[in-house]
Amino acid sequence: MKSRVLIIEDEERMRHLLTLVLSEEGYEVQAAEDGVKGMLLWRDMEPHAVLTDLKMARADGMEVLDFRNRRYQNVPLIILTAFGTIQSAVTAMKQGAYDYLTKPIDNMEVVRVVARAIADTRKEVGVSRGVQGEAKMVGSSQVMHKLYEDIKLIGSTKMSVLITGESGTGKELIAQSIHAHSPRAAKPFIRVNCAAIPHDLLESELFGHVRGAFTGAVGNREGAFVEADKGTIFLDEIGDLPLDLQPKILHAVEDKLVSPVGSSKSRLVDVKIIAATNRNLDQMVHNRQFRSDLYHRLNMYPLRVPPLRQRGVDLDELVDYFVALFCREQNKPPLVLADGVLQLLQSYHWPGNVRELKNVLERVVLVCRHGEITEDLLPEKIRSEYIVPQSRSNDYLDLSSQERNLILAALEQSGWNQSKAARKLGITRNTLRYRMKKYAINRTM
């Protein structure tokens, strides 16, 4: 059977050339002139590899990449880009693209990259559209312990869940964890980003379509609700759901009935529904931007995810976790934090939350060359925001004295082994080192 290749390219001459080159190599090739048509064609032809231009008027290459990441992680996507936008192509590769080719395209290079992409993918076994491995949540603060308890409780029910919180707080990770703690864990986990899918594709993406329902619908297609049958559907960015689609979503939430676009027949599905948003749905309901009946159906069990600045000691643990993770990924020996670095990270307000912290630490580990992460490696915005602590009241001094005595006791009981002392105190080693410096604690005192 011939391998199928999809080309998404808005320049007619380039589209024709790529189609000709790959067809001559024995591939079954189909082409689309923009991202919207390309995503429609993708769902019908089920290609083994996709080539997409980066800059297009209707749904650009990054939107096509997001579509691939949500539904077709096992299909390699190759970016076509002009020399001036190579950095964007590199960014796309970090987000899951297989490779990129710069224009003008070398015909033999196209053939080599496509062949390699398909061969590499066929070596992989068991690629899933659902949760990739066990969801990893980090944090021992009181608010996180409460969240862990809620996750276990919710997982055992059929109730709809609404996760709210700022961007970057880990709402999708929580949704994955709820699914993993449910009886549906072995069934599909399907994520739909309501903000990322073009409006004219969203209904088909959610409910499927029948052949001939609209231009480009060359076959029947099941939507996300049917794909998630017996499992979980995660409606991310639900606050961006268009008003005209909300009644149909309400019908699916209330009655578990879905109708493909272009069909009068309904199908019963058994899905657990988790929705998430960083928007204020209460205010949107008040402004008639979101249906109140849908809101209340989704909000059967509300979960509020706290921002990183409200999670206390979790930041220290996240720093340790991400530094160790990126050292492994980048094949580097373990790194330590220089004095003052953790204090700077704790002082910063983290508007992008855990996502921002992760991105900062990935870059810091990459550029660190001497085994120690120093203050100068941190972004200027973090270094410039640090506020020198002001003098406190006598009450604070008393509390500080008690904390100092606790640290000393833990160190002495552990033979001054910092790792053991940190475990006794329930904090990370980096936090212990920071507090030892703060209180001038050393073994020679």
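Angles under 35 degrees between helix axes count as roughly parallel, over 145 as roughly antiparallel, 65 to 115 as roughly perpendicular, and the rest as oblique. Axes are lines fitted to C-alpha atoms, for helices over the stretch in contact, with angles from 0 to 180 degrees between N-to-C directions. Helices (H or I, at least four residues) and strands (E, at least two) are DSSP runs numbered from the N terminus.

The model is predicted: local features need pLDDT of at least 70, side-chain atom pairs count only at pLDDT 80 or more, and totals for chains, interfaces and linings use all residues. Residues are numbered from 1 along each chain as its sequence is written, and side-chain values use heavy atoms, with hydrogens and water left out.

**Exercise 1.** Classify the packing of helix α2 and helix α8.

Step 1. The axes of α2 (residues 35-45) and α8 (residues 199-207) come within 10 Å and cross at roughly 15 degrees. The two helices are therefore roughly parallel to each other.

Step 2. Their crossing is left-handed, a term for a near helix turned anticlockwise from the far one by less than a right angle, right-handed being clockwise.

Step 3. On the α2 side the contact (heavy atoms within 4.5 Å) involves V36, M39, L40 and R43, and on the α8 side D200, L201, S204 and E205. These residues divide into 4 nonpolar, 1 polar and 3 charged. Here Ala, Val, Leu, Ile, Met, Phe, Trp, Tyr, Cys and Pro count as nonpolar, Asp, Glu, Lys and Arg as charged, and the others, Gly among them, as polar.

**Exercise 2.** Do the same for helix α13 and helix α15.

Step 1. Helices α13 (residues 314-329) and α15 (residues 353-367) have axes 9 Å apart and pack at an angle of about 45 degrees. They are therefore oblique to each other, and their crossing is right-handed.

Step 2. From α13, L318, V319, F322, V323, F326 and C327 meet V354, L357, K358, L361, E362 and V365 of α15. The split is 10 nonpolar, no polar and 2 charged.

**Exercise 3.** Describe how helix α7 is covered.

Step 1. Of the 10 residues of α7 (residues 171-180), 7 are buried, meaning under 20% relative accessible area, with exposed over 50% and partly exposed in between (1.4 Å probe, protein chains only). The buried ones are K171, I174, A175, Q176, S177, I178 and H179.

Step 2. Their cover includes α6 (142-155), β6 (161-164), β7 (189-193), β10 (232-236), β13 (272-277) and β14 (301-304).

**Exercise 4.** Place A275 in its surroundings.

Step 1. A275 lies in strand β13. It counts as buried because its relative accessibility is 0%.

Step 2. Not counting residues up to four places away in sequence, A275 touches V161, L162, I163, F234, L235, I238 and L298. The C-alpha atoms of A275 and E237 are separated by 7.5 Å, while the two residues are 38 apart along the chain.

**Exercise 5.** Which residues touch the most other members of the largest nonpolar core?

Step 1. A nonpolar core is a set of buried Ala, Val, Leu, Ile, Met, Phe, Trp, Tyr and Cys residues joined through side-chain atoms within 4.5 Å. The largest has 56 residues, and L206, F225 and I238 touch the most other members. Its largest share, 6 residues, comes from α2.

Step 2. Leaving aside neighbours within four places in sequence, L206 is in contact with V192, G223, A224, F225, L235, L241, L245 and I249. A second, separate core of 31 residues includes L318, V323, L344 and L345.
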